[in-house]
Amino acid sequence: MSKLKIGVIGCGSIAKLRHLPEYAANNQVEIVAVCDIVEERVKETAELYNAKAYTNYEELLLDEGIDAISVCLPNYLHATVSIAASNAGKHVLCEKPMATSREEAERMIEAASKNNKKLMIGHNQRFVPSHEKARQLIANGDLGKIYSFRTTFGHAGPEGWSVDGRNSWFFNKEEAFIGAMGDLGVHKTDLMRYLLDEEFQEVAGFVETNAKKDTEVDDNAVCVLKTESGIIGTLAASWAYSPNSDNSTVIYGEKAILRLEDDPQYSLIAQYTNGEVVKYELGAIQSNEEGGQHTSHVIDHFVSAIVNDTDVAISGEEGMKSLEVVLAALESNQNKTIVSI
């Protein structure tokens, strides 16, 4: 079987640290095209992967030989480019958050469906071993009834790893639309939906800009979430966790407490009410600070879905549901009220 021909649109840090290396490591694909508006950057990337360089994504999409693309662009371009790619007959892997509104997300889903193409959203936290194991334990009833949770994702900010540093689009509201909640918080809304296997119904959010100067995007947020069965919990997203990042989750159940990525040695700890403690060494969660996420499994799942014509691991519909929680948090903060989804 011939290899899938891949194009990557956007050659910033997420492409450099994850998409491109993971495609390069997958023997079922060939990176044939890369695109970025910064000519020097795209030429350097093209040379590294022996691909064709473009500075205009529309020209890249005209290449009928390209089977699928990754959208690694500022948030405000996710929908526009993904829709154009679907209409050009390409399968699409889009970075999170998938869009800046529900309407944009719906148009992305519609375009992929209309053209019979895959649309996957890059929520890599679902594939973290501790998260997969926790979902299994919860589904098996090991925790009994789930009462509450707390989850957080924070680091010192994208200026530390973004290719453009403090001049990055992450700090430009017109391009980013949303800050830490869109960058990190949406990962956790998706994770908690995945772990609990429930949808959130109500959201109360405090979304602030209090750590970074000269920007209008949020850098600290704390939300209270309630699921359809009444599980309540908190979600925090921050660009002000320094010097150490925090990517932990704790789930409180009737029979046990699960601690995920909350211990430096054990990625999952189950503390049972009968006194038993089970510690799992499943491998630490990957981070950009450690030189990339070369085995996040996002690319492999995307490629497998195309090759085998199966459903993608995180569909556009799934991405939209996780986005809706973030949008509800923004609305809650603006209107100072609890928002129903």
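Reader: In the lining of the second largest pocket, how many residues are nonpolar, polar or charged?
Author: Keep in mind that this is a predicted model. Sorted by class, the lining of the second largest pocket has five charged residues, five polar ones and six nonpolar ones.

Reader: Which residues are the closest to the centre of that pocket?
Author: The second largest pocket has a volume of about 350 Å³. Of the 16 residues that line it, the closest to its centre are K117, K118, L119, D311 and V312.

Reader: And which helix gives the largest share of the lining of the second largest pocket?
Author: Two helices, α5 (102-114) and α10 (316-335), each supply at least two lining residues. The largest share is three residues, and the helix they come from is α5.

Reader: Let's move to α2. Why are its buried residues on the same side?
Author: Helix α2 spans residues 39-49, and its buried residues are R41, V42, T45 and A46. An α-helix has 3.6 residues a turn, so residues three or four places apart point the same way. The buried residues of α2 sit on the same side because they cover an arc of only 130 degrees around the axis.

Reader: What do those buried residues of α2 pack against?
Author: The opposite face, turned away from the buried side, carries the exposed residues E40, E44, E47 and L48. The buried residues of α2 pack against α1 (13-25), β2 (29-35) and β3 (52-54).

Reader: What is the phi of the residue that follows α2?
Author: The residue after α2 is N50. Its phi is positive, near 55 degrees.

Definitions and conventions. Residues are numbered from 1 along each chain as its sequence is written. This is a predicted model: local features need pLDDT of at least 70, side-chain atom pairs count only at pLDDT 80 or more; totals for chains, interfaces and linings use all residues. Side-chain values use heavy atoms; hydrogens and water are left out. On a 1 Å grid over the protein atoms alone, a cavity is a set of points where a 1.4 Å probe fits but cannot get out, and a pocket is an open set with protein on both sides within 12 Å along at least five of seven lines; lining residues have an atom within 4 Å of a point. Grid points are joined across faces, edges and corners, and a volume is the space filled by probe spheres set on the points. Helices (H or I, at least four residues) and strands (E, at least two) are DSSP runs, numbered from the N terminus. Ala, Val, Leu, Ile, Met, Phe, Trp, Tyr, Cys and Pro count as nonpolar, Asp, Glu, Lys and Arg as charged, and the others, Gly among them, as polar. Buried means under 20% relative accessible area, exposed over 50%, partly exposed in between (1.4 Å probe, protein chains only). The arc is that of the directions from the helix axis to the C-beta atoms. Contact means heavy atoms within 4.5 Å.
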